[in-house]
Amino acid sequence: MCIRDSYNSGRTMQKRLWLLASLSLLATCKSAPPIKAVSTLEEVMHHMVIPNADIVWDSVGTIYTVGHVEERQPKDDEEWLAVEAAATILTEAGNLLMMEGRAKDNGPWMERSRALREAAASIHQAAKARDVAAVFVRGGYLFDACQGCHFQYRFEKDPNTIRSH
């Protein structure tokens with residue numbers, strides 16, 4: 001075998017190894033999971049966001065009435081877990097609102113959805129820490145995120161909308 005044959009044999013081997021490596025890589029690649037919005041924007045809002053925001057907002061605070069002051073806060077692990085679960089759902093709802101098929105645009109809508117996600121994630125951390133004051137303050141951030149979006153996308157489009165949430 002001459003040097004040239006050895007060189008060609010080596011080049012052929014390199015090509016075969018490169019082809020084998022490429023095919024192996026392709027075999028391990030998986031296509032992205034098919035993500036599709038199934039629920040409408042209104043369903044996400046009414047079945048996920050509103051009821052879980054209410055759980056957070058109702059979980060902590062002070063209610064003043066004539067002759068009475070009521071301090072609200074979770075009293076046991078079960079109530080704290082309910083706040084954590086609500087915050088988890090709200091966090092993921094922020095992601096769901098950014099999906100194709102629900103997102104109103106790629107600018108302010110995404111920013112508002114991220115604000116919801118981040119406020120809810122911070123509430124989740126506060127609930128895990130059993131921090132009443134932090135849940136209260138961060139519940140205000142959640143309210144701001146909701147209202148910011150509603151004023152831009154809901155109330156502006158329909159001024160007759162009842163502003164209950």
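These legends accompany four close-up views of a predicted model.

**View 1. Helices H3 and H4 packed side by side.** Let us start with helix H3, residues 77–97, and helix H4, residues 108–128. Their axes lie 8 Å apart and meet at an angle of about 160°. Angles over 145 degrees count as roughly antiparallel, so H3 is roughly antiparallel to H4. The crossing of H3 past H4 is left-handed.

**View 2. The residues where H3 meets H4.** Here is a closer look at the side chains on both helices. From H3, the contributors include Trp80, Val83, Ala87, Leu90 and Leu97, together with Glu84, Thr88 and Asn95. From H4, look for Trp109, Leu116, Ala120 and Ile123, among others, and also for Arg117, His124 and Lys128. Sorted by class, this contact has 13 nonpolar, six polar and three charged residues.

**View 3. Aromatic pairs in the model.** The count comes to two aromatic pairs. One of them joins Trp57 and Phe143, whose ring centres are 5.9 Å apart. Their planes stand at 65°, so this pair is edge-to-face. Trp57 sits in helix H2 (residues 41–59) and Phe143 in helix H5 (residues 132–155), so to speak a link between distant parts of the chain, 86 residues apart. Trp57 is partly exposed, at 28% relative accessible area, and Phe143 is partly exposed as well, at 41%. Another pair is formed by Trp109 and Tyr153, with ring centres 4.9 Å apart. Because the planes of Trp109 and Tyr153 are at 85°, this pair is also edge-to-face. Trp109 belongs to helix H4 and Tyr153 to helix H5, so the pair ties together parts 44 residues apart in sequence. Buried means under 20% relative accessible area, so Trp109, at 4%, counts as buried. Tyr153, at 15%, counts as buried too. You may recognise Trp109 from the previous view, where it appears among the H4 residues that meet H3.

**View 4. The surroundings of Arg138 in helix H5.** Our last stop is Arg138, which has its place in helix H5. Arg138 is partly exposed, with a relative accessible area of 27%. Leaving aside residues up to four places away in sequence, Arg138 touches Ser122, Ile123, Gln125 and Ala126. Two of these names, Ile123 and Ala126, also appear among the H4 residues that meet H3. Arg138 and Trp57 are 81 residues apart along the chain, and their C-alpha atoms are separated by 9.7 Å.

Terms used:
Residues numbered from 1 in each chain as written. Predicted model: local features only at pLDDT ≥ 70, side-chain atom pairs only at ≥ 80, totals over all residues. Heavy atoms only, no water. Axes fitted to C-alpha atoms, helices over the stretch in contact; angles between N-to-C directions. Helix = DSSP H or I, 4+ residues; strand = E, 2+ residues; numbered from the N terminus. Parallel < 35°, antiparallel > 145°, perpendicular 65-115°, else oblique. Left-handed = near helix turned anticlockwise from the far one by under 90°. Contact = heavy atoms within 4.5 Å. Nonpolar A, V, L, I, M, F, W, Y, C, P; charged D, E, K, R; others polar. Phe/Tyr/Trp six-rings, centres within 6.5 Å; stacked < 30°, edge-to-face > 60°. Buried < 20%, exposed > 50% of the residue type's maximum accessible area, 1.4 Å probe, protein only.
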